[in-house]
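Visitor: I would like to learn how to read a model like this one, feature by feature. Could you take me through it slowly?

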Amino acid sequence: MTAQPTVKLPGSGFGWPTPLGAPGWAEVAMGRRSVRRYLPQPVDAAALDRILLAATSAPSAHNRQPWRFAVIERLSVKTALARAMGARLSEDRLRRGDDPEVVAADVARSAARLTEAPAFVVFSLTMREMDVYHDAGQTRAEYLMAAQSVAMAMQNALLAACAEGLGACVMCAPLFCPDVVRETLRLPVDWEPQALITLGVAANAGRERGRKPLREVMLRIDALPERCEGGAP
Ligand SMILES: Cc1cc2nc3c(=O)[nH]c(=O)nc-3n(C[C@H](O)[C@H](O)[C@H](O)COP(=O)(O)O)c2cc1C
């Protein structure tokens, strides 16, 4: 195979090889789609390293970098995690009174998503180096800042995967059973699993999901009207 000609990203300074014809920023940020089906081939190890390095380049509160990653590629580990998470999901849903057949089908679908993904990365949060407060409001804000930082790392990873030409999708299931994930994977006690990202060579392009019009989700505030006494303006 002939080596692909490479160019340096303008202004990147990192010298990462970028194949000619690689997508530009807007194509990556606005063309990324969640991809949930993959070809049965491993994820290139160097690409996975670059994806995680991109994750660690995200901004974080006080630059404490409260993100932690667990990379899973081995089928036995994927299966163990899928079984443990599936058992918890099934228990929770049956307790809620959901139809056992529907629950079994959903659990099997989620398990297949994990075992059939060539790789996935569990993103955890650690409060180990975050500030400690004795006030409930500040404690909550500090925790949210850590969660926001991990989310930013995840977004960087999703964009990097897209730029690498790989498919990826967030799965929020670990957030609903962090203890199960921590125990099954024997993660350090301070790691709080938040979500996982499945990765692989895409088997399809993902589905175009609409977005709300910008005007529906934004306010432009150019002036502040006087408040009326005792009520909203
Ligand atoms: C916090 C978060 C949790 C998500 N959890 C799941 C999930 O559990 N399963 C899933 O299939 N997709 C999940 N997604 C992907 C969303 O469904 C997807 O981003 C959304 O439908 C928009 O589609 P797009 O990513 O292709 O633009 C999650 C996304 C986010 C940001």
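Guide: What follows goes from the overall fold to the strands, the ligand shell, a helix and some backbone angles. This is a predicted model, in which local features need pLDDT of at least 70 and side-chain atom pairs count only at pLDDT 80 or more, while totals for chains, interfaces and linings use all residues. Residues are numbered from 1 along each chain as its sequence is written.

Visitor: How many helices and strands does the protein chain have?

Guide: Helices (H or I, at least four residues) and strands (E, at least two) are DSSP runs, numbered from the N terminus. By that reading the protein chain has eight helices and six strands, and along the sequence they follow the pattern β-β-α-α-β-α-α-β-α-β-α-α-β-α.

Visitor: What share of the residues in the protein chain is buried?

Guide: A residue is buried if 20 or more other C-beta atoms lie within 10 Å of its own, exposed if 12 or fewer, and partly exposed in between, with C-beta atoms placed from the backbone. Buried residues make up 25% of the 233 residues in the protein chain. Strand 4 (residues 119–125) has seven of its seven residues buried, so this strand is largely enclosed by the rest of the structure. From strand 4, A119, V121, F123 and L125 point one way while F120, V122 and S124 point the other way, and all of them are buried. Strand 6 (residues 192–200) has eight of its nine residues buried, so strand 6 too is largely enclosed by the rest of the structure.

Visitor: Which strands are joined to strand 6?

Guide: Two strands pair if DSSP finds at least two bridges between them. Strand 4 and strand 6 run antiparallel and are joined by seven bridges, among them those that set A119 opposite L199 and S124 opposite P193. Strand 5 (residues 167–171) also pairs with strand 6 in the antiparallel sense, over five bridges, with M171 opposite L196. On strand 4 there is a further antiparallel partner, strand 3, joined to it by six bridges, and there R68 stands opposite S124.

Visitor: What does L199 touch?

Guide: Two residues are in contact if their C-beta atoms, placed from the backbone, lie within 7 Å. Leaving aside residues up to four places away in sequence, L199 touches V43, A117, P118, A119, F120, V121, A161, L166 and A168. L199 has 27 other C-beta atoms within 10 Å and is therefore buried. Y38 is 161 residues from L199 in sequence, yet the two are 7.8 Å apart in space, C-alpha to C-alpha. For the protein chain, 78% of the contacts between residues at least 6 apart in sequence join residues at least 24 apart.

Visitor: Which residues are around the ligand?

Guide: A residue is near a molecule if its C-beta atom, placed from the backbone, lies within 6 Å of it. The shell around the ligand consists of R33, S34, R36, C169, V170, M171, C172, A173, A195, G206 and R209, and strand 5 gives the most to this shell, with three residues.

Visitor: Which face of helix 3 do its buried residues line, and what covers them?

Guide: The buried residues of helix 3 (residues 75–95) are K78, L81, A82, M85 and G86. Seen down the axis of helix 3, these residues fall within an arc of 130 degrees (the arc of the directions from the helix axis to the C-beta atoms), so they line one face of the helix. Their cover includes strand 3 (67–72), helix 4 (100–115), helix 6 (173–176) and helix 7 (178–185), whereas the face turned away from the buried side carries the exposed residues S76, E91 and R95.

Visitor: Which residues have a positive phi although they are not glycines?

Guide: Most residues other than glycine have a negative phi. Here H62 has a positive phi of about 55 degrees although it is not a glycine, and N63 likewise has a positive phi of about 55 degrees. H62 is found in the loop between helix 2 (45–56) and strand 3, as is N63. H62 counts as partly exposed because it has 13 C-beta neighbours inside 10 Å, whereas N63, with 8, counts as exposed. Among the glycines, G97, which follows helix 3, has a positive phi near 90 degrees, and G165, just after helix 5, takes one of about 80 degrees.

Conventions. The expected span of a helix is 1.5 Å times one less than its number of residues.
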